[in-house]
Amino acid sequence: MAKAPKLKVFVTPIGFHDAYVAAPSQKAALDAWGTGTDLFGTGRASRVEAGDAHDAALAQPGTVVKRLRGSEAAMLDFEPPPPAAPAPARRRSPTPAAAATPRRK
């Protein structure tokens, strides 16, 4: 009888959420998140040892469990930065030849 692989819980930020998944390996976690990029190598994913989300992920192996990062009030209170002021228009200085030529009346 084959022994079931020991599950570990991994997390990565996805938008306003943290995505937890219980998987036997980092590769299996990346597959569950639907990415081919090594998020562990870049420091964007890590292993989780405890917590409510950890327990929820272990209850549903292979399924991504999302948890809102921060409070809902903080997400709704977000104000984007004001738009940047447009750069002033640059005036072209007349060329030396055009400045020396008298204008006709």
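How exposed is Arg-69? Arg-69 is partly exposed, with a relative accessible area of 34%; here buried means under 20% relative accessible area, exposed over 50%, and partly exposed in between (1.4 Å probe, protein chains only). Please keep in mind that this is a predicted model, in which local features need pLDDT of at least 70, side-chain atom pairs count only at pLDDT 80 or more, and totals for chains, interfaces and linings use all residues. Residues are numbered from 1 along each chain as its sequence is written, and side-chain values use heavy atoms, leaving out hydrogens and water. Helices (H or I, at least four residues) and strands (E, at least two) are DSSP runs, numbered from the N terminus.

**Salt bridges**

- The whole structure holds 3 salt bridges, each defined as a side-chain nitrogen of Lys or Arg within 4 Å of a carboxyl oxygen of Asp or Glu.
- Arg-69 pairs with Asp-18 at 2.8 Å, N to O.
- Asp-18 sits in strand β2 and Arg-69 in the loop between β4 and α3 (72–76), so this bridge ties together parts that are 51 residues apart in sequence.
- Asp-18 counts as buried, at 17% relative accessibility.
- In helix α1, Lys-27 and Asp-31 are 4 residues apart, about one helical turn, and their closest N and O atoms are 3.3 Å apart.
- Arg-47 and Glu-49 form a salt bridge with closest N and O atoms 3.4 Å apart; Arg-47 is partly exposed at 42%, while Glu-49 is exposed at 58%.

**Aromatic pairs and nonpolar cores**

- There are 2 aromatic pairs; rings of Phe, Tyr and Trp (its six-membered ring) pair if their centres lie within 6.5 Å, with planes under 30 degrees apart counting as stacked, over 60 as edge-to-face and the rest as tilted.
- Phe-10 and Phe-40 meet edge-to-face, 5.3 Å centre to centre and with 75° between the planes.
- Phe-10 belongs to strand β1 and Phe-40 to the loop between α1 (26–33) and β3, so their pair joins parts 30 residues apart in sequence.
- Ring pairs link both with Trp-33 into a cluster.
- The largest nonpolar core (buried Ala, Val, Leu, Ile, Met, Phe, Trp, Tyr and Cys residues joined through side-chain atoms within 4.5 Å) has 10 residues, including Phe-10, Leu-30, Trp-33 and Phe-40.
- A second, separate core of 9 residues includes Val-9, Val-11, Tyr-20 and Ala-53.

**Helix α2**

- Ala-53, His-54, Ala-56 and Ala-57 are the buried residues of α2 (residues 52–59).
- They span an arc of only 165° around the axis, which puts them on the same side of α2; the arc is that of the directions from the helix axis to the C-beta atoms.
- The face turned away from that buried side carries the exposed residues Asp-52 and Ala-59.
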